[in-house]
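Work through the exercises below with the model open. Try each task before you read its solution.

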Amino acid sequence: MTLQQELIQKGIVAPQNQRLGWKELQNLRKKGFRTYPLRPLSYSSLKEFARSPLHYIEYLTRNKKVSDPMVEGWAFEDMLFGRNICDRFVIYGKPNPDKDYRDKANRDKRNAARAEAERSMKTLIESETLIHIENLAKLAYHHPFMKYARRYVLKHPKQKVKVEPTSGLKITGIPDLSIRRGKIGIDIKFVGSIADFRERIFGKTYAYWMQAAMYSLIYGFEEFYFFAVQSQSPFYAQAFYLDTETLELLKERLVQDVLMSFRWHMEHGFFAQATKLEAPRFFY
């Protein structure tokens, strides 16, 4: 069964035209799905919409899980900014480090820590992983870019919601840092490969440029940095800079190509437009 058929069966989408517009999104909320158009739009939701309207609907309806990279990224930022790691995490180690979790002592230790994490509503992390992340945080802290940033007052912005005037849509987000009295935004990325991250900034799947544009629209940043730290060997970090002219171009593209398109689909339906197909190159 396709997603469209499933939504029709649940009474969310009208079967006559398979429309999924504003009223249908309200029905999604009544059925228990998170519906971002009824709340401010985040980078994650718009990133999926930019791939296709169907990607956006799948994003709304699929269950969200906390992945290992997300957990490692949270731990990395806590260590980089000097926060108490125990406020968010339950840390555990293997009694028998040379064995895996088929070993009873290791398995029992992990299960006990998992139960404690559930009781305290914290996240589970292994001590061996934490040592690795601590070394990366030290590497990042002494990187020339972070030394440059620390010359100014480092601020952790509070999450804001802004109505984008052209589209009339509410957008929200929160960068990691701002400096120079809020004129420069910084978002820190904990990545497997910096070479891959470079492609992800303007690629379709991750489209990190949208994140920079959204944050700049919301907070009024005139310049923006992505600070990427590679978690795999060889370990190093690199800053990626977006100047004022580039940010203006990205903000204009976000509004005209993404937000205005999203507005159109809210009014006409998220299944209302045909998808253009192009033959693969080997056909020519």
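**Exercise 1. Classify Lys155 as buried, partly exposed or exposed, then place it in the fold.**

Solution. This is a predicted model. Start with the surface: Lys155 has a relative accessible area of 47%. Buried would need under 20% and exposed over 50%. Lys155 is therefore partly exposed. Next, the position: Lys155 belongs to the loop between helix H8 (144-149) and strand E3 (160-163). Now look for partners beyond four places in sequence: Lys155 touches Asp176, Leu177 and Ser178. Take Asp176, 21 residues from Lys155 along the chain; the two C-alpha atoms are separated by 8.3 Å.

**Exercise 2. Determine how the rings of Phe49 and Tyr56 are arranged.**

Solution. A pair of aromatic rings is described by two quantities, the distance of the centres and the angle of the planes. The search of the whole structure returns 20 aromatic pairs. For Phe49 and Tyr56, the centres are 6.3 Å apart and the planes stand at 85°. The pairing limit is 6.5 Å, and planes over 60 degrees apart count as edge-to-face. So Phe49 and Tyr56 form an edge-to-face pair. Check burial last. Phe49 is buried at 5% relative accessible area, and Tyr56 is buried at 0%.

**Exercise 3. Describe the packing of H3 against H10.**

Solution. Identify the helices: H3 covers residues 43-51 and H10 covers residues 208-219. Their axes lie 10 Å apart, at an angle of about 135°. That angle makes H3 oblique to H10. The contact uses Tyr43, Leu46, Lys47 and Ala50 from H3, and Tyr208, Met210, Gln211 and Met214 from H10. For handedness, H3 passes H10 in a right-handed crossing. One aromatic cluster includes Tyr43 and Tyr208, with Tyr206 also among its members.

**Exercise 4. Find charged ends that sit over rings.**

Solution. Begin at Tyr206: the charged end of Arg200 sits over this ring, 4.1 Å from its centre. Then go to Tyr141, where the charged end of Arg150 sits over the ring at 3.8 Å from the centre.

**Exercise 5. Inspect the backbone at Arg180, Arg181 and Pro234.**

Solution. Arg180 is not a glycine, yet its phi is positive, about 55°. Arg181 also has a positive phi of about 55°. Arg180 lies in the loop between strand E5 (177-179) and strand E6 (184-191), and Arg181 is in the loop between E5 and E6 too. Compare accessibility: Arg180 is partly exposed at 34%, whereas Arg181 is exposed at 83%. Finally, turn to the loop between strand E7 (223-230) and strand E8 (237-242), which holds Pro234. The peptide bond from Ser233 to Pro234 is cis, with omega near 0°.

Conventions. Residues are numbered from 1 along each chain as its sequence is written. This is a predicted model: local features need pLDDT of at least 70, side-chain atom pairs count only at pLDDT 80 or more; totals for chains, interfaces and linings use all residues. Side-chain values use heavy atoms; hydrogens and water are left out. Rings of Phe, Tyr and Trp (its six-membered ring) pair if their centres lie within 6.5 Å; planes under 30 degrees apart count as stacked, over 60 as edge-to-face and the rest as tilted. Buried means under 20% relative accessible area, exposed over 50%, partly exposed in between (1.4 Å probe, protein chains only). A charge sits over a ring if NZ of Lys or CZ of Arg is within 6 Å of the ring centre and within 35 degrees of the ring normal. Axes are lines fitted to C-alpha atoms, for helices over the stretch in contact, and angles run from 0 to 180 degrees between N-to-C directions. Helices (H or I, at least four residues) and strands (E, at least two) are DSSP runs, numbered from the N terminus. Angles under 35 degrees count as roughly parallel, over 145 as roughly antiparallel, 65 to 115 as roughly perpendicular and the rest as oblique. A crossing is left-handed if the near helix is turned anticlockwise from the far one by less than a right angle, and right-handed if clockwise. Contact means heavy atoms within 4.5 Å.
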